[in-house]
Amino acid sequence: MKLVLVIAQEQDASRLIDALTEAEVQATMLASTGGFLRAGNATIITGVDDGQVEAVLEVVRRVCQRREQLMTPIPPVVEPVDSYVTYPVKVEVGGAITFVLNVERMERV
Ligand code: 2BA
């Protein structure tokens with residue numbers, strides 16, 4: 001058995017859960033925040049048989065899109081404020097970051 005952890009953009013999360021449910025894959029969605037952009041994203045956890053992993057990854061590839069987001073770098077505190085002009089820079093995010101982990105045991109009580 002594997003645990004598939006998917007970090008998806010907020011805009012894709014609901015469609016991703018719908019598509020997984022349609023594919024008869026049980027999933028749990030947690031609200032999360034990206035460490036770099038500090039923007040909301042969603043972490044989807046799903047425990048599946050080894051043979052289902054590729055099907056899950058296919059759904060993720062189909063639903064999750066790459067997007068560009070603008071971020072404004074924060075000026076270093078040591079510089080005088082008026083000597084440091086910041087411009088928004090484009091950052092490419094996603095489609096999704098996926099981790100596949102081995103599961104030693106799963107129990108439903
Ligand atoms: P964030 O950490 O907010 O990162 C958003 C996007 O910013 C990243 O997209 C990447 O394109 C860019 N980025 C991240 N760190 C950077 C840096 N030090 N310098 C320049 N650009 C940087 P993705 O790679 O698609 O990641 C989307 C989200 O997935 C991340 O949001 C984070 O929440 C998660 N993530 C990505 N890689 C991860 C990893 N190795 N472990 C855990 N979470 C990860």
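Q: What makes Arg38 stand out in the hairpin of S2 and S3?
A: In this predicted model, Arg38 takes a positive phi near 55 degrees, and the hairpin has six residues between its strands.

Q: How do you know that strand S2 and S3 pair?
A: Pairing asks for at least two bridges between two strands. Strand S2 (residues 28–33) and S3 have six, in the antiparallel sense, so they count as a pair. Within S3, Asn41 stands opposite Ser32.

Q: What makes strand S1 a partner of strand S3?
A: The cut-off is at least two bridges, and eight join S1 (residues 2–9) to S3 (residues 40–48), with the strands running antiparallel. One of the partners is Ile44 in S3, which is bridged to Val6.

Q: Why is Ile97 called partly exposed?
A: Buried is under 20% relative accessible area and exposed is over 50%. Ile97 has 47%, so it is partly exposed. You will find Ile97 in strand S6 (residues 96–102), and together with Phe99 and Leu101 it makes a nonpolar surface patch of about 270 Å².

Q: What makes the approach of Asn41 to the ligand a polar contact?
A: A pair of N or O atoms must lie within 3.5 Å. An N or O atom in the side chain of Asn41 is 3.1 Å from a ligand oxygen, so the pair qualifies. Ligand oxygen also comes to 2.8 Å from a polar backbone atom of Phe36 and to 3.2 Å from one of Gly35. On its own the ligand has 750 Å² of accessible area, and the protein covers 52% of that.

Conventions: Residues are numbered from 1 along each chain as its sequence is written. This is a predicted model: local features need pLDDT of at least 70, side-chain atom pairs count only at pLDDT 80 or more; totals for chains, interfaces and linings use all residues. Side-chain values use heavy atoms; hydrogens and water are left out. Patches are made of residues with over 30% relative accessible area and no salt bridge: like charges are joined within 9 Å, nonpolar side chains (Val, Leu, Ile, Met, Phe, Trp, Tyr) within 5 Å. Accessible areas come from the Shrake-Rupley method with a 1.4 Å probe; for residues, only the protein chains shown count as cover. A salt bridge is a side-chain nitrogen of Lys or Arg within 4 Å of a carboxyl oxygen of Asp or Glu. Helices (H or I, at least four residues) and strands (E, at least two) are DSSP runs, numbered from the N terminus. Buried means under 20% relative accessible area, exposed over 50%, partly exposed in between (1.4 Å probe, protein chains only). A polar contact is a pair of N or O atoms within 3.5 Å; within protein, one must be able to donate a hydrogen and the other to accept it, and residues adjacent in sequence count only if both atoms are side-chain atoms.
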